[in-house]
Structures are given as C-alpha cells and as structure tokens.
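Biologist: I'm new to this one. Could you walk me through it?

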Amino acid sequence: MDDIKYSTHSHSVNTYDPKKDYGTPKSIAEKNVTLDIDGVTVSVPEGTSIMHAAQLSGVSVPKLCATDSLEPFGSCRLCLVEIEGRRGYPASCTTPVAEGIKVHTQTSKLADVRRGVMELYISDHPLDCLTCAANGDCELQDMAGAVGLRDVRYGYEGENHLKQEKDESNPYFTFDPSKCIVCSRCVRACEETQGTFALTIEGRGFGSKVSAGNASFMDSECVSCGACVQACPTATLMEKTVIDAGTPEHSVTTTCAYCGVGCSFNAEMKGQEVVRMTPNKDGGANHGHSCVKGRFAWGYATHKDRITTPMIRKNITDPWQEVSWDEAINYAASEIKRIEAKYGKDAMGGITSSRCTNEEVYVTQKLVRAVFGTNNVDTCARVCHSPTGYGLKQTIGESAGTQTFDSVMKSDVILIIGANPTNGHPVFASQMKRRLREGAKLIIADPRAIDLVENSPHVRADYHLNLRPGTNVALISALAHVVVTEGLVKEDFVRERCEWDSFVVWRDFVAKPENSPEALESALGVKAEIMRAAARMFATGGNGAIYYGLGVTEHSQGSTMVMGIANLAMATGNVGREGVGINPLRGQNNVQGSCDMGSMPHEYPGYRHVSDPAAKALFEAAWGRPLSVEPGLRIPNMLDLAGEGRFKALYCVGEDIAQSDPNTQHVTHALESMECVIVQDLFLNETAMYAHVFFPGASFLEKSGTFTNAERRISPVRRVMSPKNGMEDWEITAKLSKALGYEMSYAHASEIMDEIAALTPTFKGVSFKKLDELGSIQWPCNDEAPTGTPTMHIDEFVRGKGKFFVTQYVPTTEKVNAKYPLILTTGRILSQYNVGAQTRRTKNVEWHSEDIVEIHPHDAEERGVKEGDWIGISSRAGETVLRATLTERVQPGVIYTTFHHPESGANVITTDNSDWATNCPEFKVTAVQVTRVHQLSDWQKHYKTFSDAQIAFANNKLSKKTQQPA
Amino acid sequence: MQTETLIKMANQIGDFFEAEPDKAQAQKDIANHLNRFWTKDMRNQIAKYAKEKQGAGLHAQVISAISAYLKA
Ligand code: SF4
Ligand code: SF4
Ligand code: SF4
Ligand code: FES
C-alpha cells in the first residue's frame, strides 16, 4: 500500500533549492522536529512553518500572502491545512511544526475552502490574463489552477476595484491597483526587506488598498529598490520593461556592476535582450535584495551614446577618425613604441579602474609591468580607499575588511564613521537597518546628519558625533582615551593577539591629557560627554563593529585614521569573530578586487612589494620578462610629471580621471601635455575628450570575469549578450600587448583567473568552475580554506600579532580663513553612481538631475542666499557654480555637495592636498567661499564650449570612406 | 616633479612618524616609507635637494632619515 511505503521510512528532506519559494523564511534552530505531512515523515529545524516543511518534503501548499523572503502574515487563508487531533483549519504559513503531528494538506474540505477563497479574489480581479504582462508569471493565476477554480459565482456588476487608475510615476515600474489582491507582501517587503516603510494598507475590509502614503510612488518616500515589485504575486507591481517586452525566456546569474556591495542578480533575457534584472535570492551579499541602480539602471549598456567603433586622432583638437580594431591597436602600439624610444619607459604608464573585472585589471597591470617595462600602474582606489590598504596592512596584516556583511546581524553596537550606507551601500544598509530594528545600538561619526541619524523609520542613532570635517584623528584619539583611561581595554585579547610593546606605547599616547575628549572638544565641535558616552557604549556594549567609508580615507590623515580605527577595534577586542570587525565600505564594485590584482605601483597581485625578491622572481618566471624592483608612479605623480612634460603616454582603462580626480584644471593640463592618451571606455567620458586613441569597451553584460566586493567576495560576471564593440575588454588589452610584441594567449577570462590563482596564495583555490559551484567565494581561498574565508583573523592576525600605531592628530593645511571661511565636503547619493557616466544615462536622473549644494540656513542668510539660488563656490584651486539648498543637515560653516555630473565641476574646487601615506586626495575638506551669482563660472563656460566641440568630434567622426587628406 | 610637492609630501610623512618615541626608529620608518612608495627619481630629487639646500623647509627628522637611510 502506498501509505505504508511512505510512513515506514523517514524521508530525507530534499536539498534546499533557491529557485523554489518555501513560503516562509528558513529556521536556523539547531534542534530538529519530526512530523508527518501527507504520509511523508519529515524532520526539520524547530520553528519551521508547516508550509516550509511541506515544501521541503516535496508538497506545495497553495499560498498567496506568504513568500519566503518575508515573515508570515496569515491573511489570505489559502494555505489552510488539517492537523490530526486539532480543531479547525490552521494556516500552514503561520503555524510552526510540532513533534509527531500528522498534517494533511489536501482534503476535500480544504479544497472547498480554498476554492471559496479564490473565488472571492477572482471576482474582484480583471480576467484579462491572456493580455496581462504577468501572464505565466502570476501566482494568482497559478493558485486558481492549483485549487481547481472553474467558476465564479459573483458577477462583476457589484462594487469592485477594476476601474482604479494606474500609478506610472516611477520610471521603472507600474502600480496597477485593479489587479491588487491586498496580500500586503509589498508593504511587508518595503518594511522588512528594504526598511523604508513607504507603503501601507489603507482602509479596512473591502475598502482596503495599498498606498504610498497618499502620494504617487515618485512623490512618496519610495527609493525604488524594487523589493515590493519582487514580492508582488500579481501584475499589480510590474517592471515596465516586462510590460513592454513580455516575459523573459531564460536567465543568467551575474553580478551588479555598481557599488561595493556586489549584489548577485539574475539577468532575465529574451534572446540577447535583457528584460529585467532580478536580485538573486541565493546571492551571498544581497540575499534577494537590490537597490535602484542594480535592479533598474542597466539601460546604459544599450544607450545611444555608447561608442562601439575604435577611433584615433593625432591631436585633441582634431575630429575623431573611425578605424578598424587592427588599425587602432597598431596605431596605439606604434605611439607607445615611439614614446618609449624618445622619452623612455618611465614616461609611460597605465591606470585601471574599480569598474574593471579582476581579470581586466590583472592583464592591464601585467601589460604595464611586463611589456611597458615599468611599475607605473595605478588604479582609482588611489583616490578612494588606498589608505585602507595601507592602514590595515600595517596594523593587522591584510588590506581588506575583516567580515562578511551577514556579520552585522550579530553586532550589538555599530559605529559608522564617514560613510552613508543608505545612499552609498543601500542593500547592505537594509540589512544593517534590520539589525538596528532588532535593537542594536548605533553611533554615527559624520559632519553631516546622514539619513541613519534620524531620518530612517524605526532607526535612530544613539549618538551622532557631528565632528568638523578634517578632525577624524582627533576623534579616534578621544574615543581611545576614554577606553584606555576608564579601564575598558580588553586586556586579555590584547595580550594574546597583539604586540604588547606597541600597545603600551599607544596606550600611553592616547592616555595623555591632550587626547582627552575635554581637551579636543573645541577642535572637534563635539561635546566631551557625548564622546565619553559613545566610547563607553562601543567598548562595553557587546559585539562592536566599525563600518567606515570615504569620510575616513579621503583626508590628509586618511591612513592615520584607518590605523586609529584598527587600534580601537583591537583594544576593545572587536576583531576575529562574527558581529565585530573593521569594515571598509568600498565605493565601487571592484575596489577590493582591483587592489588585490596588483594595480598599485608598488605591489604585485596579492599585495607583494615590487622590491620583494621572491615575488619578483615568481612573476619574472611566469611572465618571462624582466621586471623592475622600483615602485612606479601614482596617479597624482603621473599627472604632476605630465604637466611638466615628463610623462607622455597613458593607457587608461575604464577610469575617468578628468572628472573623478581632484583639481580638475591640473588634471586636464596634464592630459593636454601628453602625446598619447589611450582611453578604453563605454562612453566618450571626460578623459576621452583629451584622448588620441579610443578603444570602445564592453559593458558588464557583455563580458565574463569576476568582481570582488567589500567583504572579499569574488562573484562571477557572466556574458549574457555579445559585446557591441566586438570584444571583451581583456581581449583589447591582450591585442595591444601582442602588437607590442608580447603574446597574452588566453582563450577565455577563466584562464586569466587560473593564472591569478597560480600566482597568488590568497586566490589559490579560486576558479570559474568553483564559482559556478559555490556561487561566490570570499578570499582567502586556498588549501586550508577551500570554500573561502568569511571572517578573517580568527585565531591570529594575518600579520601574526596585531600592531598598534600611534596616531597623532595633525590638522590639515587646508584651513579656513577670512577669504575661504567655509569647509566644503563631498559625498554621494543613492540614485547616481560615481562620475555618473552610467547612471546619468538611465532614468535615474529623474531623482537627481544635477548636483546641489547643501548649506546651513545661517550661512545662507549671511550671504543672502535663498533656496534654489545659484551660488559661486571658490577655493584655492578654482571656482564653480551650483544651485543651493538650505538644510540643517549640514552644520554651520560646512557645505556639502555630490560630484555625479561633470558640468558641476565639483572637482574644479577640490585641491591637491592628499593623504600622507598614499596620496589619496583630501576630497572631504576644501576651504571655500560662497557668494550668490547669476551666471556660470569661467571654468564651466569653457567646459561647455570644449565638451560640445569634443562631442561633435565624436558624432561627426570621419569614417574611413569620407576620410579627408590630412 | 616640483620640489615643493616632494617637500610637502616628505614632511607629511615626517609628521606621522613624529609620534614615534624612538628617534632612530622614526628615521628608519620615514626612509622605509620613501623607499617603498616613491619612485627612484623622486627619491633622488629629494636627496639632491636635501644635500644642496641643507634640507631647507624639510623637517629635521626627514633630513636625517634621507641622509642616513634613503636608497639611491
Ligand atoms: S520600491 Fe522599495 S522603497 Fe519603493 S515602495 Fe517598493 S519596497 Fe518600498
Ligand atoms: S500590490 Fe501586489 S504585493 Fe502589494 S498587496 Fe497588491 S497584490 Fe499584494
Ligand atoms: S548598486 Fe550596490 S547595492 Fe545596488 S544593486 Fe548594485 S551592488 Fe547592490
Ligand atoms: S499563505 Fe498562509 S495565509 Fe496566506
């Protein structure tokens, strides 16, 4: 008998399949409970819902309001089951399993009830399934089928919701309330998954409906993360691209090319066309969540501005000439050879970008070191996180964050310094907010009141240390002073794990009276007792985790501050387990990876110094070329020398130094002084306007490779369409190398990774094959840790013993005075990304179409500036004009802006000041004056003329047929 | 490169190691930093300047570091 066959053996639970919806979240309880579902014995962790257990045993219970990304709600009554010996019909989504119970999910009584429920839903639902955008991808439709609904007794004559108007205000998705079944999955997704609380269910009973706070989605608090769209079981919330193109037919898992969170996505395709990007539930960094950039802003890949044919020209005042790949490569190679012969190897170099894959960065630095024959290779991390690399290497021995993102779920006190996660790292911020809603404490050190201070629902900072820009090191000393002098040091940790001598020197230093909060109060502008309370909370509140961003690194003492952070974490014993750690939040997707791949002028892949004889021998043997033991030029050094006519050729891959680097006029002067600037990019970016050779690049959808996120997670980037420019970026570099006489014979990006793995101990176990199997891998990945290392420094620091460094506060030379009385600091916002080359070419501009300056009402009033006025901002470096907004988020004396739009010229005013150890620019502190003006600055006018001419050169390029005699 | 730029950079490095109580160690650390992160040309330029101009404008520690430990 069938019955006997099932009940006599304990059914082993099916393995978890991320593609299935289990209805309710996984339970992580350790104790197991055994029960019987439809005659099958299953054993599942305590706390699992009956619905989830049933799905594991292979039985799908009908459901509508439940989905496994959200806590169960129990409102639709479709998932009812019978339990022997219990009365009534409990909802399987809200009822947990219990030892020994016998559950029936299919009985004739249940079938009746379910059909009745469905009938009610359907009677108020348009029956246009055949023409509905969700046809075939609609849970309501599936359920109608599953419960065997054949007939709807209630007519459409009565009152219904079918005539309600659509809300199409959001550029990426539509809200069609006539299709809503009020399951509230969207509301709960916005709360639980995203943490924005933009949606509510308004009204009761029949009158209840989903509302974005009585506003259109666009005018509401909605940040367009897409979580509600993802959760909606019907076509009510639907991507516009799906409405336009129809449902996708295949899907490929890949990685977001924007920020350092590194979210995993499914590119859902129709042939070679992306229909939508949906967050991958199994993604290690994002667990099925997304932000507006990765989820929706990928249209730039097919934007009309993309350049897909190589171009060359003799002078930057000439129009571009379209040429074949061979011609472009050969021209570039001949220029490089000419310049080498005339000026020498050291007059040449390369710049890579955090927007490149690991494989692209690797081949570029290899080209420069092995073929150009110099170590003049640098990367844009120079201008963002180079101090992290330096500071963490010195103190703990590895230039990377210590934790996984998930670690935050075990943190008790979170200290955020100079980072704005809800804007810069939104998906991680959602996770952090979840932990904060569970009760973790929050301390924020930032000159400006970022959203987490008090502008996020159900989250509030316990302390906001609103220090003056440029005083970070004084703050960390003050906090450390409290820890040391109030006996809050975890001495056993320090004795066991750190160099005791270095600790003693540091302890005696921070204990000095001049490092007390009281002594530093006036320099910092933060009350001493608040610093004391915050330090006590951090040191004694349980697991303390520090998250920091560019507000720490982009200072003249950026590296000092990173070391100060490491000192504090070590002194309080907050390294080496989950819930704690030193966590740099990386700006761009592959900041970590580009540094790992040896794109800094002083080190090979895996952070080995170029003067290290063993490393040199290893790479010389592998590459078959002599290599230099001398560190090469950093980006600012290259630019300085170029301006003096001593640096002549630059191969710039995916980076836009003319917009992203400080003191724009200095940068453009340097570019103008070079003889061969080769730019490889998707678009004619600002740097390309000064280029002689343009190699069109491939977008992340058109190539294979890997990105490494802020938690050292290596994730695959997969080619889902053919490159519009004809080849992947690493192939371009390999072709250039070949034209220079050095063959790089890779057949596929995976072979580049194999070479990296063979040469880099921390990557030893990494391969594309393993990435296919595991989804992603956190390095170090080697024989000891074949599946990677989520938490580092567990029993021992990579450096052996942790080392404390004395961090003396040295005020920046960028000081305010009568002429420049205000401090400008810079940051970013959610919808735009870095220089904006991608996001400005998407509908994200509907949220942010220009860079705006925040100014305190008091400073504004003194200068007669009103909301929306144009203001001129002048610094020691230059002048620009932007529009002002008045807000108390900034403190008096400080103004703030973003730098996503080139015409803003935010970097025209930033100066050459930089970090002492790494030359990372001091973007966060510029002394300025502000005045009301009525016209653009001279720089902006000149910029406009120049960039219009350059764009015309590219638009009216000379094709080969129309080529004019020179 | 402009010598002023190099002087400023070197002094910033000197500032950081100022806090090191062991002066000889501080000088080694300063020179080590220059050796590891500056190009040969940059090191030679600052060394030449330090010698010719008796280190005018450079921190005392930096001058000692350059003369004692800088790699040529
Ligand atoms: S898109 Fe995100 S923020 Fe907007 S309503 Fe939906 S869940 Fe909330
Ligand atoms: S919009 Fe979708 S998710 Fe939200 S209540 Fe309606 S059907 Fe449910
Ligand atoms: S931009 Fe960052 S947070 Fe947003 S989807 Fe991409 S990786 Fe995730
Ligand atoms: S799925 Fe359980 S009540 Fe809706």
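Modeller: Sure. A residue is near a molecule if one of its heavy atoms lies within 4 Å of it. By that rule, the residues around ligand 1 include F173(A), C190(A), L199(A), F217(A) and C222(A). This is a predicted model, where local features need pLDDT of at least 70, side-chain atom pairs count only at pLDDT 80 or more, and totals for chains, interfaces and linings use all residues. Residues are numbered from 1 along each chain as its sequence is written, chains are lettered from A and ligands numbered from 1 in the order written, and side-chain values use heavy atoms, with hydrogens and water left out.

Biologist: How do the residues of the shell around ligand 1 divide?

Modeller: Ala, Val, Leu, Ile, Met, Phe, Trp, Tyr, Cys and Pro count as nonpolar, Asp, Glu, Lys and Arg as charged, and the others, Gly among them, as polar. Around ligand 1 that gives nine nonpolar, two polar and no charged. The shell of ligand 3 has nine nonpolar, two polar and one charged.

Biologist: How many salt bridges are there over all chains?

Modeller: A salt bridge is a side-chain nitrogen of Lys or Arg within 4 Å of a carboxyl oxygen of Asp or Glu. The count is 53 over all chains. One of them joins E438(A) and R435(A), at 2.8 Å from N to O.

Biologist: Is R435(A) buried or exposed?

Modeller: Buried means under 20% relative accessible area, exposed over 50%, and partly exposed in between (1.4 Å probe, protein chains only). R435(A) is buried, at 15%, while its partner E438(A) is exposed, at 52%.
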